[in-house]
Amino acid sequence: MVNKVTNLSCTAFLAEHIQNLKIAVIGDVMLDRYFYGEVKRISPEAPVPVNKVKRIKSVLGGAANVAANLAHLECRVFMGGVTGADNNREVLEAMMAEKGIDYSGLIKSQQRETITKMRILGAQQQMLRLDFEETGDLFPEETEALSLWLQNLLEAGLDGVIVSDYAKGVCSDNFVQWVIAAAHQYHVPVLIDPKGADWNKYRGCDFITPNLKEMCEAAGELVPNEDEDVLRLAQNAREKYAIKNVVVTRSERGMTLAGLDGLVINDPATAQEVFDVSGAGDTVAATLLAGAAGKLALQDAVFMANRAAGIVVAKVGTYPVHREELLKDLLTEERKQGRGYRTLSWSEIESLAKTWRSCGEKIVFTNGCFDILHVGHVSYLEKAARLGRHLVVGLNSDTSVRKLKGDVRPLVHELDRARVLAALACVDAVVLFEQDTPTELIEKIRPDILVKGGDYKPEEVAGREYAGEVRIIDFEDGYSTTGIVEQIVQFVKEGKL
């Protein structure tokens with residue numbers, strides 16, 4: 001059953017299990033194009049701003065963005081849909097191939113063009129959107145090709161199916177009902193990202209993920225964004241359409257799930273600044289279905305999807321959530337809740353650093369033993385963090401500390417030292433290293449700024465060849481672990497302890 005409760009945590013699922021999932025996405029595939037520019041004047045031809053284009057970016061859109069989210073979560077993804085036989089199709093193919101998405105189910109139509117949405121942005125804000133599309137039901141031969149593709153995948157073994165409906169023609173009533181029935185023959189859960197007021201074609205699915213506006217349209221009733229009202233609409237829809245779980249995304253109020261046997265889950269949103277909600281629904285669909293297909297408890301699957309959406313809305317444009325940044329976010333939240341803790345692996349921090357760099361976010365790295373964390377350490381780390389967007393701390397393992405400081409050190413176990421460091425607001429990630437120096441770790445991360453404390457000269461700092469630049473920060477006078485230890489020893493000798 002997709003709602004089986006297990007002891008698997010979100011972080012353990014992301015770290016160890018999600019890569020084994022095989023998920024098919026079916027729906028209306030689009031190409032999203034972004035034209036980034038700056039606006040400094042008004043056109044003399046008409047009272048409209050003139051946008052001087054500086055950069056053009058193409059990303060996977062529509063159902064393809066759901067596939068992109070799953071691919072960045074590192075699931076095995078299979079894309080099914082219809083495009084035109086045009087240049088934009090070639091762009092989509094190249095991007096899917098780069099992300100490792102199997103697009104063998106992407107039917108090439110001679111009767112329509114690839115759906116393309118063009119967004120014009122100035123100063124990071126959308127000014128205008130242009131849509132190029134032809135809508136209408138698929139031709140019988142196209143539907144037959146998609147059906148055969150999915151049937152073969154189900155026979156080979158799938159963990160989940162997502163139907164991403166944008167009402168452009170792929171998700172006709174009969175075809176969606178066939179998808180649900182075919183998947184259920186193999187006990188494979190189906191999640192629907194819906195469109196329109198009539199949900200009869202979604203009848204019997206395992207999950208449906210409307211936003212509040214879509215929920216109200218389907219119910220034929222406008223309600224305020226309050227728990228009781230939203231839950232009532234979701235429960236009514238669940239019963240009317242025999243849907244196992246109705247999950248309503250509620251913007252600043254988070255997510256609400258109405259499930260079987262009276263199950264109710266209200267998960268609040270993450271408080272943060274919202275830049276762009278484009279694609280947030282796709283992120284919820286991908287992450288929620290991945291969690292459910294991976295046998296996470298529904299409470300955890302909803303929580304994980306909600307955190308993923310929070311990451312996406314803080315970005316500009318259609319942005320697929322990455323496994324490493326979601327894992328880091330979940331680890332941070334678990335620490336706040338006092339739950340289990342572990343450091344990031346080298347492969348995880350390497351991948352996360354690549355994600356941060358791709359977003360143009362500056363990475364700062366420093367390292368040390370941090371045995372008995374004190375004010376001097378905290379002051380030093382806060383100064384380092386202010387040099388960039390993300391601070392990564394390389395932490396000497398217990399074995400490494402003993403080599404540097406003798407057999408009596410460290411006084412605090414490596415995981416305890418790591419957890420205390422990670423609890424600091426200025427620290428984004430902690431990674432252990434066994435070597436005498438962090439050079440190999442720095443080579444993996446390749447930070448923009450490498451920070452060292454004390455009286456080092458930049459040319460003496462280990463790993464400097466793999467960093468953009470080296471900064472030296474003075475330690476706070478009067479603070480040291482050795483000094484604390486010596487004071488404790490003196491107090492013991494004097495009988496004060």
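In the predicted model, the sulfur of Cys216 lies 18 Å from the closest cysteine sulfur, that of Cys205, which is too far for a bond. Cys216 itself counts as buried, at a relative accessibility of 7%. A similar question of partners arises for Cys171, whose sulfur has its closest cysteine sulfur, again in Cys205, at 12 Å, and this separation is likewise too far for a bond. Cys171 is also buried, with a relative accessible area of 4%. A disulfide is a covalent bond between the sulfur atoms of two cysteines, and the criterion applied here requires the two sulfur atoms to be within 2.5 Å. In keeping with the distances given for Cys171 and Cys216, a search of the whole structure finds zero disulfides.

With regard to overall architecture, the protein contains 16 helices and 18 strands. Its radius of gyration is 26 Å, close to the 23 Å given by the globule rule for 497 residues, so the protein is as compact as a globular protein of that length. The C-alpha trace spans about 85 × 65 × 45 Å along the principal axes. Of contacts between residues at least 6 apart in sequence, 69% join residues that are at least 24 apart.

Turning to burial and surface, 53% of the 497 residues count as buried, while the protein exposes about 22,400 Å², of which carbon and sulfur atoms supply 49%. The protein carries 57 positive and 71 negative charges, and the mean positions of these two sets are 3 Å apart.

How values were computed:
Residues numbered from 1 in each chain as written. Predicted model: local features only at pLDDT ≥ 70, side-chain atom pairs only at ≥ 80, totals over all residues. Heavy atoms only, no water. Helix = DSSP H or I, 4+ residues; strand = E, 2+ residues; numbered from the N terminus. Rg over C-alpha atoms; globule rule 2.2 N^0.38 Å. Buried < 20%, exposed > 50% of the residue type's maximum accessible area, 1.4 Å probe, protein only. Contact = heavy atoms within 4.5 Å. Areas by Shrake-Rupley, 256 points an atom, 1.4 Å probe, with all protein chains shown as cover. Lys, Arg positive; Asp, Glu negative; His and termini not counted. Charge placed at Lys NZ, Arg CZ, Asp CG, Glu CD.
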